[in-house]
Amino acid sequence: MKSEIQLTFENCKRENRPALLTYTVASDPNKKKSLQIINSIAKYADIIELGFPHSTPVGDGGQIQTSSNRAIKNGFKMRDTFQIANKFKKNYKNKPVILMGYYNMIYQYGENKFLKDCKKSGVSGIICVDLPWPENKDFAKKCKKKSINFIQLLAPTTTKDRMRKIIKDSHDMVYYISMLSTTGGKLKVSPKKILQNYNKIRKINPNKNVVIGFGITDKTISSLKSAQGLVCGSFLCKTITDSLRLRHNPAEKLGKVVYNLKKKIL
Amino acid sequence: MSLKIRKGIPLIDQHDKNGMWGGKFGGNFVPETLKKPIEDLENLFSKLRKDKSFIKERDYYFENYVGTPTPLIRLDNLTDHLGGAQLWAKVVSENPGTAHKVYACIVHCLIAKRAGKRYVCTDTGAGMQGKNLAMVAKKFGLKAKIFMGLRDLVRQKKNVDVMKKYGAEVVPVTSGSQTLVDAVSESMRYWVANCQDVHMVIGSTVGPSIFVKISGYSTSQISRELKVQLIEEFGKIPNKLKLLNCVGGGSSAYGFWSEFIDYDKKHVSLIGVEAGGSKKSKLHAAPLSNNSKLGVLHGAKAYCIQDNDGQIGETESLSSGLDYPSVSPLHCFLKDSGRAEYTSATDEEALNAYKLVSKLENISPSLEPSHAFATAISLAPKLSKDTILCIDSCGHSLKDSDIIKEKLGFYTE
């Protein structure tokens, strides 16, 4: 049986457009509102990435750090992630949810219990920032057994030989980090160069769905629309921060922002 | 207690192919972007360790720049005052960087040069790491960027001034608790974004396994000297020797002990002293002596102060240099194998130890080694006169003069 993630990419391909993936942090600014936010985003986004915030996120820049700190300060607990995902899936049955975060959180929760709760709450995939290949081999196998996608990451520093090995062990989706940066950095590489690297990755195995993330905003997204999928994260976290400051409703605001992103890649 | 240390092989090399010690500590839990730079560094370091010209250069700087060996002195007055065991100090702080950090900074800068990198970055807590890297980088013509928690920046201002004097850029870190843990995170983030031009230095035996190794490789110089000095002094390694060292990340303790790990623990016992925080507070920075759970922080699996969810816990210590929620995988391995034992001393005990040691002896340990002195002071009266208690005085107190003045009302160097 094809996974929800696979079906989503096939659907986007039929519509001749990239998949739009959004990242927001569970319980940012609080549990209820973060659910409202993804409900509002999901009208336009194809895949929802839900971050489980960590206190020391070494791969993240200022925007996601701010969102994570806000969530933790407002009482985030790991189980909230699953409750939010579960409630979301009741509204959007076929919309894939991917959880994203750092390994210590999964490790403390217990890998098996984590996967069991993913399954129960309808989560389709996992991105673990600091569990690279080959460290992730065992966990990725466990995920596959549960029909959950473990999403491998590739970076500009990944050698071709290593890419081949990683892609061989990957499931339906692979995530290409566009540039040497933490999340939320300004796009410091030309879209042309990013797409050149991207196409090299695609050639290794054309059956894999490869998405591009890092540095994607309303300004840069259209220049990369020939990719199969694009992830927008820090830009949305910043929008939440801004709308809280301006006392706007973040769910409403995020809906509009994601609608605009979607328009730019059609 | 089931873990076993092998003899005849440095502890830093007793890891498996995944960089794990004892199958459960250490590793490389890093973002994909860093896998290649780490692999490059691993390859370069393993090549350089066999390269005679590299070792010659290292030894040249250790000898002519650090001024090895640092002195081993008998603390006569303290010994008489306490009664019981003989107290000795290896005054590692007697070097231009006033702390053991100088060794790894030299080795890292030599590596950076060979890797063709012109920039180095690092974290610092007490500022000793930052000061030393700034100093050594300037000597080697490298540009240094130092990440330091804002809270530490304020309480260790003296070291910050020195870093700036040496031309380093000091970047205040305002996230989280604004201490060492955040400085390490920020330095790693900077490396993620600039790994092609920058050589990252981690200030202790923590982080991805290669950084644990390079740091331990460098500080091992301390115990190589100590071994020679003890034999010169006693004609052999004394029958009852106890080596006491403070443990934050654990680089000075590893360096102080590495040559003695193969000895039976009844012959040479290894005692690590962590930061117990203020007597009045529940917070501390002592994951080993409080049986904290295993966790993953800054690329390594080790015992770590954290909550049930895995959020890294808040720490507290008067000594910025020990104020870190996790600890070296090497010390986790030493603890679980039963080779070393770990305890903690409170802020108050460390201050009292500083007061007594600096009053009776002509040395002035910083707040970090004062933790080890505190434990030595409480142990000595209970031990026989033929027991040798040797303490690594790995940092000089000058950086702490403001804190000491505030807490004790006076400071004399």
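Contact here means heavy atoms within 4.5 Å. The model shown in all views is predicted.

**View 1. Surroundings of Thr122(B) in strand E5 of chain B.**
Thr122(B) belongs to strand E5, which covers residues 119-124 of chain B. Leaving aside neighbours within four places in sequence, Thr122(B) is in contact with Gln129(B), Gly130(B), Leu133(B), Lys145(B), Ile146(B), Phe147(B), Ser187(B), Val201(B), Ile202(B) and Gly203(B). With one of these residues, Gln129(B), the contact is also polar, side chain to side chain, at 3.1 Å. Thr122(B) has a relative accessible area of 0% and is therefore buried.

**View 2. The largest cavity and its lining.**
There are 5 cavities of 30 Å³ or more in the model. The largest cavity has a volume of about 320 Å³. Its lining consists of 31 residues, and those closest to the centre are His100(B), Lys101(B), Gly203(B), Gly321(B) and Leu322(B). Two or more lining residues come from each of these elements of chain B: E5, helix H5 (128-140), helix H8 (180-194), helix H11 (251-257) and helix H14 (367-379). Sorted by class, the lining of the largest cavity holds 12 nonpolar, 15 polar and 4 charged residues. Gly203(B), listed among the residues closest to the centre, is also a contact of Thr122(B).

**View 3. The second largest cavity, with residues of chains A and B nearest its centre.**
The second largest cavity encloses about 100 Å³ of space. Of its 14 lining residues, Gly59(A), Val129(A), Ile177(A), Phe214(A) and Pro31(B) lie nearest the centre. This lining is made up of 8 nonpolar, 4 polar and 2 charged residues.

**View 4. The largest pocket and the cis bond before Pro134(A).**
The largest pocket contains about 800 Å³ of space. It is lined by 30 residues, the closest to its centre being Pro134(A), Glu135(A), Lys17(B), Asn18(B) and Gly19(B). Helix H7 (137-145) of chain A, helix H1 (35-48) of chain B and helix H9 (209-219) of chain B each supply at least two lining residues. H1(B) has the largest share, with 6 residues. By class the lining divides into 10 nonpolar, 8 polar and 12 charged residues. Pro134(A) sits in the loop between strand E4 (125-128) and H7 of chain A. The peptide bond from Trp133(A) to Pro134(A) is cis, with omega near 5°.

**View 5. The second largest pocket, with residues of chain A closest to its centre.**
About 590 Å³ of space lies in the second largest pocket. Among the 23 residues that line it, Lys2(A), Ser3(A), Glu4(A), Ser124(A) and Ser147(A) are the closest to its centre. Helix H1 of chain A, residues 4-14, gives the most to this lining, with 4 residues. The classes are 4 nonpolar, 10 polar and 9 charged residues.

**View 6. Tyr103(B) in helix H4 and the cis bond at Pro69(B).**
Tyr103(B) is part of helix H4 (residues 101-114) of chain B. Its relative accessibility is 0%, so Tyr103(B) counts as buried. Residues up to four places away in sequence not counted, Tyr103(B) touches Phe62(B), Val66(B), Thr68(B), Thr70(B), Val92(B), Ser218(B), Thr219(B), Gln221(B), Ile222(B) and Glu225(B). One of these, Thr68(B), is joined to Pro69(B) by a cis peptide bond with omega about -5°. Pro69(B) lies in the loop between helix H2 (52-66) and strand E3 (72-74) of chain B. In the loop between strand E4 (86-90) and H4 of chain B is Thr98(B), which has a positive phi of about 55° although it is not a glycine.

**View 7. The stacked pair of Tyr354(B) and Tyr411(B).**
The whole structure holds 21 aromatic pairs over all chains. In the stacked pair of Tyr354(B) and Tyr411(B), the ring centres are 6.4 Å apart and the planes make an angle of 10°. The two residues are 57 places apart in sequence: Tyr354(B) lies in helix H13 (residues 347-360) of chain B, and Tyr411(B) in the segment after helix H15 (401-408) of chain B. Relative accessible area is 1% for Tyr354(B), which is buried. Tyr411(B), at 16%, also counts as buried, because the cut-off is under 20%.

**View 8. The loop that holds Ser27(A).**
Ser27(A) lies between strand E1 (19-25) and helix H2 (31-41) of chain A. Its phi is positive, about 70°, although Ser27(A) is not a glycine. At 3% relative accessibility, Ser27(A) counts as buried.

Key:
Residues are numbered from 1 along each chain as its sequence is written. Chains are lettered from A and ligands numbered from 1 in the order in which they are written. This is a predicted model: local features need pLDDT of at least 70, side-chain atom pairs count only at pLDDT 80 or more; totals for chains, interfaces and linings use all residues. Side-chain values use heavy atoms; hydrogens and water are left out. Buried means under 20% relative accessible area, exposed over 50%, partly exposed in between (1.4 Å probe, protein chains only). A polar contact is a pair of N or O atoms within 3.5 Å; within protein, one must be able to donate a hydrogen and the other to accept it, and residues adjacent in sequence count only if both atoms are side-chain atoms. On a 1 Å grid over the protein atoms alone, a cavity is a set of points where a 1.4 Å probe fits but cannot get out, and a pocket is an open set with protein on both sides within 12 Å along at least five of seven lines; lining residues have an atom within 4 Å of a point. Grid points are joined across faces, edges and corners, and a volume is the space filled by probe spheres set on the points. Ala, Val, Leu, Ile, Met, Phe, Trp, Tyr, Cys and Pro count as nonpolar, Asp, Glu, Lys and Arg as charged, and the others, Gly among them, as polar. Rings of Phe, Tyr and Trp (its six-membered ring) pair if their centres lie within 6.5 Å; planes under 30 degrees apart count as stacked, over 60 as edge-to-face and the rest as tilted.
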